[in-house]
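Open the model in a viewer and keep the sequence panel visible. The tour below goes from one selection to the next and says what to look for at each stop.

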Amino acid sequence: MKKIILLLFSTLFLSLPLFSQDPQEAENLLELINGERRKAGLYEYKTNDDLQVAASVRAEEISKLFESKRPDGSEIHTVYSEHGISVAFYGESIRTGHETADGIFRAMIKDPNDSSSILDMDYTYVGVGIYKNAKNIYWAILYCSLAD
């Protein structure tokens, strides 16, 4: 009986994903960012599906190489064009270790670089990607203004 239970538990555990995306927490962070922009009298950032996908790709990539360069050595701007996004201006914030949108937002507000991106008037769009694996949670926030 113990062997059967152990076998069932092992099978169940091995079938669970070792990574995931979290669209609800991404949406929560977008709302917190836009709330901060509203408080400052700024327009809200927009988003779109392509930008959200690009941010999710970057979140997974930073789980392999935690820097603003892609694991293949290319620059971050290439993630935009790979997803059909033509940008005039772009930027990126990467973070790790925070479980919730509220936690990551509080950390971003305390960081002068991240807080300036949140309130930047040159950007009009933002995408939020979250990647969770067995070790950590990775957040990629992509800022941009679309090219005309």
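Start by selecting Arg70, which counts as buried because its relative accessibility is 3%. The model is a predicted one. Arg70 lies in the loop between helix 3 and helix 4 (77–82).

**Around Arg70**

Show the contacts of Arg70, leaving aside neighbours within four places in sequence: Val57, Arg58, Glu61, Leu65, Glu75, Ile76, Thr78, Val79 and Glu82. Draw the side chain of Thr78 as well, since a polar contact of 2.8 Å joins it to the side chain of Arg70. Then put a C-alpha distance label between Arg70 and Arg58; it should read 7.8 Å, for a pair twelve residues apart along the chain.

**The salt-bridge network**

Which residues are linked with Arg70 in a network of salt bridges? Select Arg58, Glu61, Glu82 and Glu92 together with Arg70 to display that network. Within this selection, zoom in on Glu61 and Arg58, whose closest N and O atoms are 2.8 Å apart in a salt bridge. The two residues are three apart in helix 3 (residues 49–62), so about one helical turn separates them. Are they buried or exposed? Arg58 is buried at 0% relative accessibility, and Glu61 is buried at 13%. Side chains of opposite charge can pair when their charged atoms come close.

From Arg58, move to Ile130 in strand 3 (residues 125–133). Ile130 is 72 residues from Arg58 along the chain, yet their C-alpha atoms are separated by 8.7 Å. Ile130 is buried too, at 2% relative accessibility.

**Two further salt bridges**

Select Lys69 and Glu75 next. Their side chains form a salt bridge with an N to O distance of 2.5 Å. Lys69 is partly exposed, with a relative accessibility of 28%, and Glu75 is also partly exposed, at 38%.

Now select Asp114 and Arg95, a salt bridge with N to O at 2.7 Å. Asp114 belongs to helix 6 (residues 112–118) and Arg95 to strand 2 (residues 87–96), so the pair ties together parts that are 19 residues apart in sequence. Asp114 is buried, with 7% relative accessible area, and Arg95 counts as buried at 16%. The count for the structure comes to twelve salt bridges.

**Aromatic rings**

Hide the charged side chains and show the aromatic ones. How many aromatic pairs does a search of the whole structure find? The search finds three. Select Tyr80 and Tyr90: the ring centres are 5.7 Å apart and the planes meet at 50°, so this pair is tilted. Tyr80 sits in helix 4 and Tyr90 in strand 2, ten residues apart, and the pair links distant parts of the chain. Tyr80 is buried, with a relative accessible area of 1%, whereas Tyr90 is partly exposed at 36%.

Go on to Tyr123 and Tyr143. With ring centres 5.5 Å apart and planes at 25°, this pair is stacked. Tyr123 lies in the loop between helix 6 and strand 3, and Tyr143 in strand 4 (residues 137–146), so the pair ties together parts that are 20 residues apart in sequence. Both are buried: Tyr123 at 12% relative accessibility and Tyr143 at 0%. Add Tyr45 to the selection, because Tyr45, Tyr123 and Tyr143 form one aromatic cluster.

Keep Tyr45 displayed and add Arg37, which lies over the face of Tyr45 at 3.9 Å from the ring centre. Add Tyr43 as well: the charged end of Arg37 sits over its ring, 4.7 Å from the centre.

**Stepping back**

Finally, return to a cartoon view of the whole chain. It has six helices and four strands, and from the N terminus on they run α-β-α-α-α-β-α-α-β-β. Colour by accessibility: of the 148 residues of the chain, 39% count as buried. On a surface view, the chain exposes about 8,600 Å², and carbon and sulfur atoms supply 58% of that area. On a contact map, residues 24 or more positions apart account for 69% of the contacts with a separation of 6 or more.

Terms used
Residues numbered from 1 in each chain as written. Predicted model: local features only at pLDDT ≥ 70, side-chain atom pairs only at ≥ 80, totals over all residues. Heavy atoms only, no water. Salt bridge = Lys/Arg side-chain N within 4 Å of Asp/Glu carboxyl O. Buried < 20%, exposed > 50% of the residue type's maximum accessible area, 1.4 Å probe, protein only. Contact = heavy atoms within 4.5 Å. Areas by Shrake-Rupley, 256 points an atom, 1.4 Å probe, with all protein chains shown as cover. Polar contact = N/O pair within 3.5 Å; in protein donor to acceptor, adjacent residues only side chain to side chain. Phe/Tyr/Trp six-rings, centres within 6.5 Å; stacked < 30°, edge-to-face > 60°. Lys NZ or Arg CZ within 6 Å of the ring centre and 35° of its normal.
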